[in-house]
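Please open the model in your viewer and keep the sequence beside it, since this tour moves from one selection to the next.

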Amino acid sequence: MRRRPRTRWIGGILALSLAAGGCRRGGPSDDRSGARAGTPRPVVGVTFLTQTHDFYKDLEAAMRQEAAARGLDLIVTSCEMDPAKQASQIEDFVAQRVAAIVAAPCDSDAIGPNLEAADRAGIPVFTVDIAAHGGKVVSHVASDNVQGGRLAAQALAKYLKGQGKVIVIDHPTVASVQDRTRGFDEELKKTPGITVVGRPSADGQRAKAMAVMEDMLQAHRDLKGVFAINDDSALGALSVLEAAGRKDIVIVGFDATPDAQRAIRQGGPLKADVAQHPKAIGQKAIEIVARHLAGERVPALVAVEVGLVDQEALAGK
């Protein structure tokens, strides 16, 4: 009896094996490790509210440096103040089954359902700089914004000698700013001679802050002070005051970016700035993520100290 060639059977088995292996390589990781195909390095998805501010540029650089040192890969995205875009970025991270997600929300309330979806997928979520209202967050790493607001109020009270009308150039949809204004308001109660007469929002953007400042000058001609919740807001207000020749109005900003420090040194209306440390925040955030992925217990909140810079402080640099 004639035997059938075995090569057909062997070829069929090999074809099935290759097909199965090809499907596995093309799909997501089955162990939810977040590692890219062909490498054991976990992938961390990062979504910022913006990458245009100096603060976030420094934050990202520190995160990338720390991630490289700890064997993590980062995918860094930015929604540029668009909550729908940030929601889509988080959805993409969930679909990719990354090892962890780090978010700096552009809207602290709107992001909640998206973070809940990540938690249901078994992906740990961390927030940096700005907290989220909703969703399960393993750890939040940020400046002590309440203390920063208090420092800003103390500085304005000092420069205004305890008297005058002031405005807050706000960004109320962001949790970190809510903390800043809360600290500011609490501290300002100690100085009843200072009255807040307006809280217009500029969404943290320089061009909008310019428009806001122009409107406030018209509405309050006896205005004496401005608390700007970030340096884009402070510098936008500054350009309007300089154009109007209003040297009698004091601005206190928040961030202490290089541009703001130069303006303080020049001795114009921008007198002081609350200094954050974005590099320290970025380094600590990735450290916390790496420790959690390694199975360690991590704190729910890490508050990084802030300080106040003025012309005197900068003269020593």
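**Aromatic rings, cysteines and a buried threonine**

In this predicted model, a search of the whole structure turns up 3 aromatic pairs. Select Phe 48 and Tyr 56 to begin: their ring centres are 5.5 Å apart and their planes meet at 50 degrees, so the pair is tilted, and both of these residues are buried. Add Phe 55 to the selection, and you have the three residues that form one aromatic cluster.

Next, select Phe 184 and Phe 227, whose ring centres lie 4.6 Å apart with planes at 15 degrees, so this pair is stacked. The pair links distant parts of the chain, with Phe 184 in helix H6 (residues 175-188) and Phe 227 in strand S8 (residues 223-228), 43 residues apart. Phe 184 and Phe 227 are both buried.

Now look for charges over rings: Arg 180 lies over the face of Phe 254, 3.9 Å from the ring centre, while Lys 158 lies over the face of Tyr 159, at 5.3 Å from the ring centre.

Move on to Cys 79 and Cys 106. Why does the search of the whole structure find 0 disulfides? For Cys 79, the closest cysteine sulfur is that of Cys 106, and at 3.6 Å it is too far for a bond, because a disulfide needs the two sulfur atoms within 2.5 Å. Cys 79 is buried at 2% relative accessibility, and Cys 106 is buried at 5%.

Finish at Thr 127, in strand S4 (residues 125-128), which is buried with a relative accessible area of 2%. Show its side chain together with that of His 140, and you will find a polar contact of 2.8 Å joining them.

Key
Residues numbered from 1 in each chain as written. Predicted model: local features only at pLDDT ≥ 70, side-chain atom pairs only at ≥ 80, totals over all residues. Heavy atoms only, no water. Helix = DSSP H or I, 4+ residues; strand = E, 2+ residues; numbered from the N terminus. Buried < 20%, exposed > 50% of the residue type's maximum accessible area, 1.4 Å probe, protein only. Polar contact = N/O pair within 3.5 Å; in protein donor to acceptor, adjacent residues only side chain to side chain. Phe/Tyr/Trp six-rings, centres within 6.5 Å; stacked < 30°, edge-to-face > 60°. Lys NZ or Arg CZ within 6 Å of the ring centre and 35° of its normal.
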